[in-house]
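Q: Please take a close look at the salt bridges of this model. Then set them within the rest of the chain, in terms that a newcomer can follow.

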Amino acid sequence: MSYSENALVEQPAIVLFAELGWRTVSAMEEVFGANGTLGRETSGEVVLASRLRAALETLNPQLPADAIASAVDELTRDRSAMTLAGANREVCGLLKDGVKVAVPDRERGGVREERVRVVDWRIPPRTISCWSRR
């Protein structure tokens, strides 16, 4: 048996996702660009922002585009200056509780706080976008 990340982590994860009914996409021969395999410009883009935006719009149809854009910005914010544990804790909280955003309060004027849901915990996701090597 090979003791590589691919053999020990990636392949078992792909099998597990398939058993759960998820669809996986290999990025080994990815074509980059807006019309490419995953819509990424480079392999350094680890978040598929256009797919994230579309998913947030679907989960939060009542929220304006600015609120969705703010949530995407917060979810993809650079956390490299944080400890790994701190960054993980912060992102986990956003996934679990949603992202706080300010939206115009048309009834009272000013702004009000809303939460952009990131995961529909009632229905598990059925697609995982890619497995990629850098």
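A: Glu74, Arg77, Arg79 and Glu90 are linked in a network of salt bridges, a salt bridge being a side-chain nitrogen of Lys or Arg within 4 Å of a carboxyl oxygen of Asp or Glu. The model is a predicted one, in which local features need a pLDDT of at least 70 and side-chain atom pairs count only at 80 or more, whereas totals for chains, interfaces and linings use all residues. Residues are numbered from 1 along each chain as its sequence is written, and side-chain values use heavy atoms, with hydrogens and water left out.

By this rule, the count comes to 9 salt bridges. One of them joins Arg122 to Asp120, with the closest N and O atoms 3.1 Å apart. Its two partners can be described by relative accessible area, where buried means under 20%, exposed over 50% and partly exposed in between, with a 1.4 Å probe and protein chains only. Arg122 is exposed at 64%, while Asp120 counts as buried at 14%. Another salt bridge brings together the side chains of Arg112 and Glu114, at 2.8 Å from N to O; here Arg112 is partly exposed, with a relative accessible area of 34%, and Glu114 is partly exposed too, at 23%. In a further pair, Lys96 and Asp97 have their closest N and O atoms 3.2 Å apart, with Lys96 exposed at 54% and Asp97 partly exposed at 42%.

Around these pairs, the chain has 4 helices and 2 strands, which are DSSP runs numbered from the N terminus, helices being H or I over at least four residues and strands E over at least two. From the N terminus on, the elements follow the order α-α-α-α-β-β. Of the 134 residues of the chain, 25% count as buried.

Helix α2, residues 49-59, contributes Leu52, Leu56 and Leu59 to the buried residues. Seen down the axis of α2, its buried residues fall within an arc of 65°, so they line one face of the helix; the arc is that of the directions from the helix axis to the C-beta atoms. An α-helix has 3.6 residues a turn, so residues three or four places apart point the same way. What covers the buried residues of α2 includes α3 (65-75) and β2 (111-116).

On the surface, Tyr3, Leu8 and Val9 make a nonpolar patch of about 350 Å². Leu8 belongs to helix α1 and counts as partly exposed, at 42% relative accessibility. Patches are made of residues with over 30% relative accessible area and no salt bridge, like charges being joined within 9 Å and nonpolar side chains (Val, Leu, Ile, Met, Phe, Trp, Tyr) within 5 Å.

As for confidence, the chain averages a pLDDT of 87, and 91% of the residues score at least 70; pLDDT is the predictor's confidence in each residue, from 0 to 100. Over residues 127-134, however, the pLDDT is below 50, and beyond near neighbours in sequence this stretch has 29 contacts in the model, a contact meaning heavy atoms within 4.5 Å.

Key
Areas by Shrake-Rupley, 256 points an atom, 1.4 Å probe, with all protein chains shown as cover.
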